[in-house]
Amino acid sequence: MNTSPVSYHDDEFRIALDSTSPHRVVPDTGSAEAVLDIGCGAGQTLVTLGNHKRRVGVDVDIEALRFGLHRTTTEGIRVAAAQGEHLPFAESTFDFVYSRVALPYMDIPAALSEMHRVLRPRGRLWLTLHTIDIPATQFRRGNLKGRIYALYTILNGAWFHISGRTFPFVRGLCESIQTERGMRVALGRAGFSKIEFCQTSRHFAVTAER
Ligand SMILES: C[S@@+](CC[C@H](N)C(=O)[O-])C[C@H]1O[C@@H](n2cnc3c(N)ncnc32)[C@H](O)[C@@H]1O
């Protein structure tokens with residue numbers, strides 16, 4: 001588990017609701033009927049989506065979910081406290097599943113396997129990923145503890161690149177960086193096809209199909 005302060009979610013809400021913001025990165029959910037956001041925080045991405053029949057979010061951070069529920073803009077959105085690695089939904093429930101800035105904090109093979117299970121056949125997946133820049137900055141700016149954690153994140157990313165698997169830190173914490181190779185291995189193993197990457201100066205994302 002790796003939760004974020006409520007101030008983070010509040011800032012992301014503001015960015016998500018400002019369609020002119022250069023920091024706004026949201027998935028194209030198209031005409032999907034049922035959409036699931038894994039690691040939704042306060043629901044800051046769910047609020048930007050169109051008129052889907054079902055908009056659902058899960059997160060391990062109950063405080064963030066509560067914060068989102070108090071914003072009127074979350075009307076029509078259902079949320080649940082759950083881990084991406086153990087989704088409380090039946091198989092083939094959603095036709096679009098996404099995770100924005102949250103997969104890097106999960107046991108990736110377990111989370112991908114759950115995403116595949118809850119997606120309908122030919123359902124689409126969209127995930128944002130972390131490059132080495134994030135732990136490298138944490139290493140440069142951090143104290144000793146922060147540096148040890150940044151090194152763990154980088155090593156976990158190297159292992160992910162080779163094997164498509166991740167390993168936990170202590171007390172249930174997990175964090176890694178992702179590479180195209182590692183994601184292809186992990187997504188292929190979980191049963192996904194049509195894997196495509198998009199990397200810009202603002203984000204690194206992958207899309208795939210069940
Ligand atoms: C950086 S925030 C991103 C929130 C939101 N998706 C966004 O784009 O702003 C990461 C979120 O992932 C959640 N998270 C971390 N590990 C998780 C897990 N194993 N299962 C579900 N959510 C998780 C955290 O609680 C946090 O809300």
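# A guided tour from strand S5 to the ligand

Begin by selecting tryptophan 126 and threonine 207: threonine 207, in strand S7, is the bridge partner of tryptophan 126. The model on display is a predicted one.

**Stop 1: strands S5 and S7.** Extend the selection to the whole of S5 and to strand S7, residues 204–209. The two strands pair in the antiparallel sense, and five bridges connect them.

**Stop 2: strand S4 and the crossover.** Keep S5, residues 119–128, in view and add strand S4, residues 94–99. S4 and S5 run parallel and are joined by five bridges. To see one such pairing, select valine 97 together with leucine 125, its bridge partner in S5. The path of the chain between these strands can then be traced: from S4 it passes through helix H3, residues 108–118, and on to S5. This β-α-β crossover is right-handed.

**Stop 3: two residues with positive phi.** Remain on strand S5 and select arginine 122, which is found there. Arginine 122 is not a glycine, yet its phi is positive, at about 65°. Is arginine 122 buried or exposed? Its relative accessibility is 64%, so arginine 122 counts as exposed.

Next, move to strand S6, residues 193–199, and select lysine 194 within it. Lysine 194 likewise is no glycine and has a positive phi, here about 50°. With a relative accessibility of 58%, lysine 194 counts as exposed because the threshold for that class is over 50%.

**Stop 4: a glutamine in a loop.** Select glutamine 178, in the loop that lies between helix H5 (144–163) and helix H6 (180–190). Glutamine 178 has a relative accessible area of 3% and is therefore buried, the limit being under 20%. Which backbone atoms does the side chain of glutamine 178 reach? One is the backbone nitrogen of histidine 130, at 2.7 Å. Another is the backbone oxygen of serine 176, at 2.9 Å. Displaying histidine 130 and serine 176 beside glutamine 178 brings both contacts into view.

**Stop 5: the segment before helix H1.** Turn to proline 5, found in the segment before H1. Proline 5 has a relative accessibility of 51% and so counts as exposed. Add isoleucine 62 to the selection: it stands 57 residues apart from proline 5 along the chain, and the C-alpha atoms of the two are separated by 11 Å.

**Stop 6: the ligand and its shell.** Finally, select the ligand and display the 22 residues around it. Those that come nearest are Gly39, Gln44, Asp59, Gly84 and Arg100. Which helix gives the most residues to this shell? Helix H1, residues 6–17, does so, with three residues. By class, the shell comprises eight nonpolar, nine polar and five charged residues.

Three side chains in the shell may be examined one at a time. Tyrosine 8 has a side-chain N or O atom 2.9 Å from an oxygen atom of the ligand. For glutamine 44, the distance from a polar side-chain atom to a ligand oxygen is 2.8 Å. In the case of aspartate 59, a polar side-chain atom lies 2.6 Å from an oxygen atom of the ligand. How much of the ligand does the protein bury? Taken alone, the ligand exposes 590 Å², and the protein buries 98% of that area.

Terms used. Residues numbered from 1 in each chain as written. Predicted model: local features only at pLDDT ≥ 70, side-chain atom pairs only at ≥ 80, totals over all residues. Heavy atoms only, no water. Pairing = 2+ DSSP bridges. Helix = DSSP H or I, 4+ residues; strand = E, 2+ residues; numbered from the N terminus. Right-handed = clockwise from strand over helix to strand, strands pointing away. Buried < 20%, exposed > 50% of the residue type's maximum accessible area, 1.4 Å probe, protein only. Near = heavy atom within 4 Å. Polar contact = N/O pair within 3.5 Å; in protein donor to acceptor, adjacent residues only side chain to side chain. Areas by Shrake-Rupley, 256 points an atom, 1.4 Å probe, with all protein chains shown as cover. Nonpolar A, V, L, I, M, F, W, Y, C, P; charged D, E, K, R; others polar.
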